[in-house]
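Biologist: Could you walk me through this one? I'm new to it, so please start with the terms.
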Amino acid sequence: MITDYSESYKDIIDKQRPIHDGDEFEARHPKMSIENRAKIFAPFAALKGYEEAIDETAKNH
């Protein structure tokens, strides 16, 4: 089933990213390097236990 969400998000879909030029937010949350961002998302597993289930199935067949 394909759902068209464009109507739900039409008020934000074309907005630009906020620019923080020396404001308080930027002071508390400095821009992160690409390497550090990669470290955050690398361990994410969308299907927890998937690899173990595949290994177990392979043993049984």
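Modeller: Buried means under 20% relative accessible area, exposed means over 50%, and partly exposed is in between, with a 1.4 Å probe and protein chains only. This is a predicted model, where local features need pLDDT of at least 70, side-chain atom pairs count only at pLDDT 80 or more, and totals for chains, interfaces and linings use all residues. Residues are numbered from 1 along each chain as its sequence is written, and side-chain values use heavy atoms, leaving out hydrogens and water.

Biologist: Okay, is Ile12 buried, exposed or partly exposed, and why?
Modeller: Ile12 counts as partly exposed because its relative accessibility is 43%, and Ile12 lies in the segment before helix 1 (24–28).

Biologist: And what about Thr57, which helix is that in?
Modeller: Thr57 lies in helix 3, residues 50–60, and it counts as partly exposed because its relative accessibility is 42%. The C-alpha atoms of Thr57 and Lys15 are separated by 47 Å, with these positions 42 residues apart along the chain.

Biologist: How many helices and strands are there overall?
Modeller: The protein has 3 helices and 0 strands, taken as DSSP runs numbered from the N terminus (helices H or I, at least four residues; strands E, at least two). The radius of gyration, taken over C-alpha atoms, is 21 Å, well over the 10 Å that the globule rule gives for 61 residues, so the protein is more spread out than a compact globule. That rule is 2.2 Å times the number of residues to the power 0.38.

Biologist: What share of the residues counts as buried?
Modeller: Of the 61 residues, 0% count as buried.
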